[in-house]
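Reader: Hi! I'd love a close look at one strand and its partners, followed by whatever else in the backbone and the packing deserves a comment. Could you walk me through it in one go?

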Amino acid sequence: MRARWWRRRRLRSKIFLPFSVLILTILLATVWVVGTAGGAWVERSIKGQFEVTGNAFRALMAERDERLRGETTLLAGDFALKRAIATYDPDTLASVALNYRERIGGDLLWITDRSGSLLADSRERTAVGTAVSGGAPLAVAIATVAPAAAVAEVDGGLMQLVAVPVLAPDPIGFLVAGEAIDDATAAQLHDTTGTTVSFVTRSRIFASSWPPAVRTDAAQADPPVTREQLARAAAVAVEQTTFLVRQGRTRLLSILIPIDAALPEPLYALVQDSYERALGPLVDLPKRAAGLGLAALVGALVVGAILAASIAAPLQALVAGMRRVLAGDFVQRLDIRCEDEIGYLARSFNDMVAGLEERERIKETFGRFVSHDVAAAVLGGHMPLGGEWREVTILFQDVRGFTALAERTAPPVLVGIVNRLFTEMVAAVEAQGGVIRQFTGDGVMALFGAPVQHSDDPARAVRAALDMVARLPALNARLAAERLSPLRIGIGIHTGDVVAGRFGPDRRSEYGVVGDAPNLANRIEELNKKLHTTILVSGVTAARLGSEFHLGRRVVLPVKGKDKPVEVVEVLGCESATCQVGYARDSALRP
Amino acid sequence: MRQTEETRERIWQGRCRRLLVPRVSRIVMTLVAVSALPSARAADLGGRVVDAAGNGVREAVVFVQTPPPNLMPPAHPLPAVMDQIHKTFVPHVLPIVVGTEVSFPNHDQIHHHVYSFSDAKTFEIPLYKGETAAPVRFDRLGAVKVGCNIHDFMSAVILVVPTPYFAMTDESGAFTMRDLPSGTYGVVVWQENSKTPLDDTLQTVEVGASAPRLTFTLDVAAPRARPAARGPGSYE
């Protein structure tokens, strides 16, 4: 079914379809390969970027921690501070806290007594006497009497805190310095690393480099950080795996980096980057591939059409040519100038038509019964077909008593008999290089010496006549087997000059001879009836025969339509034992 | 050469610990004993201070918190000395009876800035050398943490106690309080790293012709890491 469908497709489709399938396959494969590799590459690259962000974040925290610790430790060693603390005067200490905070440039400076009870707050927010030792890092510093650092929540914000004991030489109090981890910190990281950073717990967003509108607006359809995502993220955070967060049309590749913090919930740095942005040009790849594919398909269609046309046009010309040949037009030639298979086919076609034309011409000229030799001679151009005088030997053969035979035989049987006879007669003529000029109903007229001339045309004619006679017994035997009467033939041969050439209007012209010789040969044949002979040749012919033939008596007889009597000779046989005729029982010429 | 010098220094330090401190306290105690002459009979009170594991606790001060009612503290206690040698306060723990004047001679070639912000005594002797500094009188009970402003690693404790009856434990944690007049004493022990509150260590003891041996058990924390001494003359 499919094979038939394919067979019925036009050449253009057959070229275009495989092209299209090939192009589409290659395109799809390319898109798939690039998509897969690109996706992996992007993920790797973003992960790498995340690592950079993570490292940058850790470095930033470490640097801030180190700076805070160093500066606060330096501050704690200040004797004036120790003296001031020893006063335990709240107003003095409040101003000291403010002044010292400016010295170290942090966001917060607390001064506490040795038990962690607040003596002063640089921001003057937390009341004096509040126990701030509950949280890290102060509790640790109190326990170890050594500097301690931690990320903790202060007044709703994240702070990187450092607690340092004030030793005199035993602790008389503690300094707690803090630097906020806020939007500015996130923005700084964003500027450094190019990725978005948020500081989150499962229930809170402390700070982010996302614009506040995106982050906190409840109307925002897809905030980049939702509680659910945080919950999900927190579950996988241990493995530090990346996960995708959808924000509208953007996919955010995200990762949670745990931060050590003194908070009830784990604190993370949520690092995010747009998958699409990282994909960059790869995003448009399918579209571009589709465009390319479309262009390639159109190209394939055009190329297919051109190719098909270049193949189909000559083929169609060939088909048309063949139809004309079918209609009998052998004159046409195809004008296809290619050197390829099609050109070869066209040349073969032209040769074929030329061959057909010549054969047709020969057939038209000589009829059906032209021997291969003659045809070869004609086709070889050795034989002029124009008019010319030429000496030819003409042979007439006739069936004796044919009228009576025709009367008592059914026509189909008669035609069969005649045709079998003709088969033998034609074979005998062609065997000697003669040409059948015409069939006379019960006999044939053959020419020897035209259109092909031989040096021994009269002898050939006589040999053909002897051959005809020799073939008869076998034919008669077959006829007898069919209970049919045997056939007897008579043959007359004459040699004379005739005008040979093509006669007749163009399409119906035939090769023929015009002159007195054919008539005379016919008359000589008719003499057989009267003389009861089988083969009679004219004296002219007899004079041209060699010694190979046994000739009978020469007689001179008047001939119908001729003023002068004609000399005829009976042929009795030849040197070869196979062509003996002998005298007929009732031959008038029997000695 | 350096080793010889080092050895000599160590011997000198050792002598300070072994000779100087007991000598000072012994002088004080003798003086106290002399001032308390009305009670003719006297006995030595000895014992040991151990930690939870039973190991002796050194540099613990066992002192009388509540003396018998007839025993009066000395009106003018003898002065005491806290030396500064090789950027170290000597002794590290100095128990004194309340009202004692302590001088802080500086035997180093460099300045020191002795101070304390403790509740029992806040004082400051700004940068000085030699023996120019005036003595400081300690007239409130309690532990006075002494430091040097320019050498964070230097620290000492002056323990101001109510009576002249006190003794310091040796390396094995043993102590002996000498020549206690007869009577009932409330005795406590203080140690720099002790986590046991002072009142919890109180033991009441009857001193007659003789006295029972006392054993104090303290919960002692590991000593806090202090800034290491640096510079010339440092052996830590």
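Author: Happy to; I'll start with a strand of chain A, then turn to helices, unusual backbone spots, a small sheet of chain B and a cavity.

A word on conventions comes before the details. This is a predicted model, in which local features need pLDDT of at least 70 and side-chain atom pairs count only at pLDDT 80 or more, while totals for chains, interfaces and linings use all residues. Residues are numbered from 1 along each chain as its sequence is written, chains are lettered from A and ligands numbered from 1 in the order in which they are written, and side-chain values use heavy atoms, with hydrogens and water left out.

Let's begin with strand β10 of chain A, residues 267–274. Helices and strands here are DSSP runs numbered from the N terminus (H or I with at least four residues for a helix, E with at least two for a strand). In β10(A), 8 of the 8 residues are buried, where buried means under 20% relative accessible area, exposed means over 50%, and partly exposed lies in between, using a 1.4 Å probe and protein chains only. In a regular strand the side chains alternate between the two faces of the sheet. Here, Leu267(A), Ala269(A), Val271(A) and Asp273(A) point one way from β10(A), and Tyr268(A), Leu270(A), Gln272(A) and Ser274(A) point the other way; all are buried.

The strand has partners to look at as well, and two strands count as paired if DSSP finds at least two bridges between them. Strand β6 (residues 196–200) of chain A runs antiparallel to β10(A) over 5 bridges, and Phe199(A) stands opposite Ala269(A). Strand β9 (residues 250–259) of chain A also pairs with β10(A) in the antiparallel sense, over 8 bridges, with Ile255(A) opposite Val271(A).

Now for two helices of chain A. Helix α3 covers residues 79–87, and its buried residues are Phe79(A), Leu81(A), Lys82(A), Ala84(A) and Ile85(A). After α3(A) comes Tyr88(A), with a positive phi near 55 degrees. Helix α15 (residues 457–481) has 25 residues and reaches 36 Å from its first C-alpha to its last, close to the 36 Å expected at 1.5 Å a residue; the expected span is 1.5 Å times one less than the number of residues. There is a kink of about 30 degrees at Leu472(A), shortly before the proline Pro473(A), the bend being the angle between axes fitted to the seven residues ending at a residue and the seven starting there. Arg483(A), which follows α15(A), has a positive phi near 60 degrees.

Some further backbone spots may catch your eye. Most residues other than glycine have a negative phi, and most peptide bonds are trans. Glu124(A) has a positive phi near 55 degrees and sits in the loop between β2 (118–121) and α5 (138–144) of chain A. Glu124(A) counts as exposed because its relative accessibility is 61%. Lys87(B) also has a positive phi, about 55 degrees, in the loop between β4 (83–85) and β5 of chain B. Lys87(B), however, counts as buried because its relative accessibility is 10%.

As for cis peptide bonds, one joins Ala168(A) and Pro169(A), with omega about -15 degrees. Pro169(A) lies in the loop between β4 (157–167) and β5 (171–181) of chain A. Another runs from Val90(B) to Pro91(B), with omega near 0 degrees, and Pro91(B) lies in the loop between β5 (88–90) and β6 (93–97) of chain B.

Chain B has an open, mixed sheet of 3 strands in the order β3-β7-β10. Its edge strands, β3 (80–81) and β10 (136–138), each pair on one side only. β3(B) and β7 (residues 100–103) are parallel over 2 bridges, with Ser103(B) as the bridge partner of Val81(B). β7(B) and β10(B) are antiparallel over 3 bridges, and Thr100(B) has Phe138(B) as its bridge partner.

Finally, the cavity. A search of the whole structure finds 1 cavity of 30 Å³ or more, a cavity being a set of points on a 1 Å grid over the protein atoms alone where a 1.4 Å probe fits but cannot get out, with lining residues having an atom within 4 Å of a point. The largest cavity holds about 30 Å³ of space, and its lining includes Pro67(B), Leu71(B), Thr163(B) and Tyr165(B).

Terms used. On a 1 Å grid over the protein atoms alone, a cavity is a set of points where a 1.4 Å probe fits but cannot get out, and a pocket is an open set with protein on both sides within 12 Å along at least five of seven lines; lining residues have an atom within 4 Å of a point. Grid points are joined across faces, edges and corners, and a volume is the space filled by probe spheres set on the points.
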